[in-house]
Amino acid sequence: MANIDLCNNCPAFQPKLECISIPKIFDQCRLQVCLTPNDIGSARADFSPVNCNNKNTCQCQMNGRQSCSSEVIVPPQNAVSVTVENFCIKSMNVLSKTKSAFRRGFFDLNIRFIFSYTLVFYNSDNMEINRIAACSSFTTTVSLFGGDDICVATFNELYNGITANGPFVSIEGSAMPLTVDLRYPCSCNCGCGCSDSNCGCGCDCTCSTSPSAVDITIGLFAVVKLLRLSNLSVNSYGNCMPCECSDLSPDNVNPCDFFDSLTFPTDLFAPQTNYKPCCDTSGNTPTSGSCCETC
């Protein structure tokens, strides 16, 4: 689609001050968390897996209940290794949104992320022996500024069912599996207080040769926002007319000609440098409490 020419030098397109109603971001913060088995536990069976096979679009279609509270997956007894396929974020839910007891205008958000994936098990001959739909969940709390409550009722046909002006929560997330390993149960035959995974201190450590669970480590990026519908004054250059819809059916388009006509997506291979989600000066974001300072 061609760019819209605003023709800034034309008298007919001089800016005009207009009032618009849009969701305004009151506060936002980012999460960058490495989720270890200590944070999310071992992989659990997913009785309602999602369709995560389309790796080109990175889309996951929700299907059935959005929870991960079933039993821990026990690997096949002859499994010696495991890999992950079809990984994606299954759901991002706001479990609670409550006013902060300590800071006026702030809201504490309890958020749960559920990850869906497929575990593929292999034997000592590197032959696939089983596939199991699995899931993991992570819950965290962030505190964001959402403004003082306004005691008015709200009706808007565009937002059917909304009777108050928020604040509304928006969550964007991206995640990836970092490591996946079989867990072998061990026991220390002494009373020196050593952990089951590392006996040490001269103890007799006995480990099973059959795996008992699967441990996965997940890297999570997320941006959390609080929004309210607000009336804002902006400069407008008038109406813009969209281009005609193109007929790109395979019958009348040469795919190579069409591909060669595309502009190389330089931005796709370069990180964004002009986006700053919040006034973060430390470079680190905690997984609980205040996600970042208010801008």
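## Exercises on a predicted model

The torsion about the S-S bond of Cys68 and Cys135 is about 95 degrees, so this disulfide is right-handed. The model is a predicted one, and the exercises below start from this bond.

**Exercise 1.** Locate the disulfide formed by Cys68 and Cys135, and state which parts of the chain the pair ties together.

*Solution.*
- Step 1. A search of the whole structure gives 1 disulfide.
- Step 2. In the bond between Cys68 and Cys135, the sulfur atoms are 2.1 Å apart.
- Step 3. Cys68 sits in the loop between strand S2 (44-45) and S3, while Cys135 belongs to strand S5, so the bond ties together parts 67 residues apart in sequence.

**Exercise 2.** Sort Cys68 and Cys135, Cys19 and Cys34 as buried, partly exposed or exposed.

*Solution.*
- Step 1. Both Cys68 and Cys135 are buried.
- Step 2. Cys19 has a relative accessibility of 58%; the cut-off for exposed is over 50%, so Cys19 is exposed.
- Step 3. Cys34, at 44% relative accessible area, is partly exposed.

**Exercise 3.** Describe the largest nonpolar core and the strands that supply it.

*Solution.*
- Step 1. The largest nonpolar core contains 35 residues, and Phe113, Phe115 and Leu119 have the most contacts inside it.
- Step 2. At least two residues of this core come from each of S1 (16-35), S3 (81-99), S4 (106-122), S5 (128-145), S6 (168-183) and S9 (213-236).
- Step 3. Strand S4 gives the most, with 8 residues.
- Step 4. Beyond its neighbours within four places in sequence, Phe115 has contacts that include Leu35, Phe87, Ala134, Cys135, Phe138, Ala175, Ile218 and Leu220.

**Exercise 4.** Find the nonpolar surface patch that contains Leu158, and place Leu158 in the chain.

*Solution.*
- Step 1. The patch consists of Leu158, Tyr159 and Ile162, which together have about 300 Å² of accessible area.
- Step 2. Leu158 is in the loop between S5 and S6.
- Step 3. With a relative accessible area of 73%, Leu158 is exposed.

**Exercise 5.** Examine the backbone at Pro167, Asn86 and Asn126.

*Solution.*
- Step 1. The Gly166 to Pro167 peptide bond is cis, with omega near 10 degrees; Pro167 is in the loop between S5 and S6.
- Step 2. Asn86 is not a glycine, yet its phi is positive, about 55 degrees. Asn86 is in strand S3 and is buried, with a relative accessible area of 18%.
- Step 3. Asn126 also has a positive phi, near 60 degrees. Asn126 lies in the loop between S4 and S5 and, at 57% relative accessibility, is exposed.

How values were computed. Residues are numbered from 1 along each chain as its sequence is written. This is a predicted model: local features need pLDDT of at least 70, side-chain atom pairs count only at pLDDT 80 or more; totals for chains, interfaces and linings use all residues. Side-chain values use heavy atoms; hydrogens and water are left out. A nonpolar core is a set of buried Ala, Val, Leu, Ile, Met, Phe, Trp, Tyr and Cys residues joined through side-chain atoms within 4.5 Å. Buried means under 20% relative accessible area, exposed over 50%, partly exposed in between (1.4 Å probe, protein chains only). Helices (H or I, at least four residues) and strands (E, at least two) are DSSP runs, numbered from the N terminus. Contact means heavy atoms within 4.5 Å. Patches are made of residues with over 30% relative accessible area and no salt bridge: like charges are joined within 9 Å, nonpolar side chains (Val, Leu, Ile, Met, Phe, Trp, Tyr) within 5 Å. Accessible areas come from the Shrake-Rupley method with a 1.4 Å probe; for residues, only the protein chains shown count as cover. A salt bridge is a side-chain nitrogen of Lys or Arg within 4 Å of a carboxyl oxygen of Asp or Glu. A disulfide is a pair of cysteine sulfur atoms within 2.5 Å.
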